[in-house]
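Trainee: Got a minute to go through this one with me? I'd like to get a feel for the fold before I write anything down.

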Amino acid sequence: MPCSITTFVLQARRTCPAHGPAQLAPPVVEGLSVTTAGVIASPSHTTFNPSAKVTLLAKWSSSDSSTTLRWSSDDLALAFGDTTATSLGGNYLVINPVSAATSSATWVGGNSYTLTFRATNRFGGFDFDTITVKASNYPTGGTFVAAPRNGTAMATSFSLATEGWAADAENLPLRFAFAYQSPTTGGRGVLRAASPARNCSTSLPLGAADDGSFALVVSVRCLDQVGTYSERTDTVTTVQPSTSSQSTSLATSVIASVGSHGTAAASAAAAVCDNTARLAHGWVLSDHGNIWRRRASVSPASACATAS
């Protein structure tokens with residue numbers, strides 16, 4: 001009997017509320033959210049751009065400093081250093097748009113994914129919450145035409161037009177951004193930033209002069225409200241001015257258009273004037289104003305003065 005009493009006392013001490021889990025409340029997960037800019041939140045899900053990183057935030061509290069955190073999903077393979085840029089054991093989760101291991105897309109446009117955040121204290125008490133995110137569908141359809149097919153660099157007015165696009169209703173309205181591809185660097189030169197307008201009238205830089213084709217690729221990007229986009233391209237030919245008078249006329253019209261727009265506009269016009277003067281006297285320029293070759297020696301400054 002004395003042994004039995006002793007055992008009972010020891011057990012009571014081991015389960016004393018002052019030191020046991022009975023007095024330690026489980027963690028509380030207050031909510032999950034997507035903190036990435038440009039997303040669209042609805043009562044059932046948050047729509048995001050699948051081509052960009054997605055950041056999730058969990059708000060939680062716990063009286064246990066040893067509480068462990070864990071993100072998981074049955075719909076998405078989460079692996080730190082591969083599909084995620086952060087560990088799965090923090091209150092933030094950054095998901096990469098492309099797998100670092102396979103270069104494959106993390107998300108499928110149009111699909112929804114549910115992710116779970118769980119906080120567990122050292123005694124097994126826990127709380128969790130879930131969030132559903134939807135990868136936006138890429139805009140579909142769409143035609144793009146540039147006219148005329150041939151013209152003179154920085155002189156001919158080209159019309160760029162697009163139509164026939166479709167996208168998820170929740171991601172409307174659509175926006176359109178026009179650009180050209182540099183023949184020398186392959187970089188994208190913006191002709192007009194994204195706007196609701198489906199057409200653009202603009203002059204274009206010199207096409208590919210190194211191979212003599214003078215071909216220039218122009219493009220339009222159709223973007224939805226979260227930034228998901230599809231692109232269409234067309235190719236035109238833009239050659240350098242054929243005569244000195246044509247280049248001089250271009251420089252004169254640019255200067256005349258400055259009017260009273262101030263010093264910055266005047267400086268820009270002077271730069272165009274300098275380049276057109278070079279073209280007029282046998283220089284061959286890239287679309288960024290770099291000199292390819294020269295057939296005759298000339299002072300651009302004096303030529304520009306003549307044009308003005």
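**Loops, sheets and rings**

Mentor: Sure, let's start with a loop: Met154 sits between S10 and S11. Keep in mind that this is a predicted model.

Trainee: What's odd about the phi of Met154?

Mentor: Met154 has a positive phi, about 60 degrees, although it is not a glycine. Most residues other than glycine have a negative phi.

Trainee: And is Met154 buried or exposed?

Mentor: In between: its relative accessibility is 39%, so Met154 counts as partly exposed.

Trainee: Which residue in the loop between S6 and S7 has a positive phi as well?

Mentor: Ser103, which is found in that loop between S6 and S7. Its phi is about 65 degrees, and Ser103 is not a glycine either. With 59% relative accessibility, over the 50% cut-off, Ser103 counts as exposed.

Trainee: OK, cis peptides next. Where is the one that involves Pro148?

Mentor: The bond runs from Ala147 to Pro148, with omega near 0 degrees. Pro148 belongs to the loop between strand S9 (140-147) and strand S10 (150-152). There's also a cis bond joining Leu172 and Pro173, where omega is about 5 degrees. Pro173 is in the loop between strand S11 (158-166) and S12.

Trainee: What does S12 pair with?

Mentor: Strand S12 (residues 175-181) is joined to strand S13 (residues 188-195) by five bridges, and the two run antiparallel. One of the bridge partners to look at is Val190 in S13, which goes with Ala179. The hairpin has six residues between the strands, and there Gly186 takes a positive phi near 80 degrees.

Trainee: Let me zoom out. How many helices and strands does the chain have?

Mentor: Four helices and 18 strands. The chain has 308 residues, and 38% of them count as buried. Of the contacts between residues at least 6 apart in sequence, 58% join residues at least 24 apart.

Trainee: What's the order of the open sheet of three strands?

Mentor: S1-S4-S6, with antiparallel pairing. Strand S1 (28-34) and strand S6 (92-95) are at the edges with a single partner strand each, so one side of each has no neighbour in the sheet. From one strand to the next, the twist averages 15 degrees.

Trainee: How many bridges are there between S1 and S4?

Mentor: Six, in the antiparallel sense, with S4 covering residues 54-61. If you want a spot to check on screen, Gly31 stands opposite Lys59 in S4.

Trainee: And the sheet of five strands, what's its order?

Mentor: That open sheet goes S2-S3-S8-S7-S5, and its pairing is mixed. Strand S2 (40-41) and strand S5 (68-72) are the edge strands, each pairing on one side only. S3 and strand S8 (residues 126-135) pair in the parallel sense over three bridges. Phe48 has Ala135 in S8 as its bridge partner.

Trainee: Which ring does Phe48 pair with?

Mentor: Trp107, edge-to-face, at 4.6 Å centre to centre and 70 degrees between the planes. Phe48 lies in strand S3 (residues 46-48) and Trp107 in the loop between S6 and S7, so the pair ties together parts 59 residues apart in sequence. Phe48 and Trp107 are both buried. Together with Tyr113 they form one aromatic cluster, and the structure holds four aromatic pairs.

Trainee: What lies over the face of Phe126?

Mentor: Arg118, at 3.7 Å from the ring centre.

Trainee: Phe126 comes up with Thr120 too, right? Where does Thr120 sit, and what is it in contact with?

Mentor: Thr120 is in strand S7 (residues 112-120). Its relative accessibility is 18%, under the 20% cut-off, so Thr120 counts as buried. Beyond its neighbours within four places in sequence, Thr120 is in contact with Pro27, Ser66, Thr67, Thr68, Gly125 and Phe126.

Trainee: Last thing: what's the mean pLDDT of the chain?

Mentor: It's 81, with 71% of the residues at 70 or more. Residues 1-19 are below 50, and that stretch has two contacts beyond near neighbours in sequence. The pLDDT is also under 50 over residues 252-274, where the model has 14 contacts beyond four places in sequence.

Terms used: Residues numbered from 1 in each chain as written. Predicted model: local features only at pLDDT ≥ 70, side-chain atom pairs only at ≥ 80, totals over all residues. Heavy atoms only, no water. Pairing = 2+ DSSP bridges. Axes fitted to C-alpha atoms, helices over the stretch in contact; angles between N-to-C directions. Buried < 20%, exposed > 50% of the residue type's maximum accessible area, 1.4 Å probe, protein only. Contact = heavy atoms within 4.5 Å. pLDDT = per-residue confidence, 0-100. Phe/Tyr/Trp six-rings, centres within 6.5 Å; stacked < 30°, edge-to-face > 60°. Lys NZ or Arg CZ within 6 Å of the ring centre and 35° of its normal.
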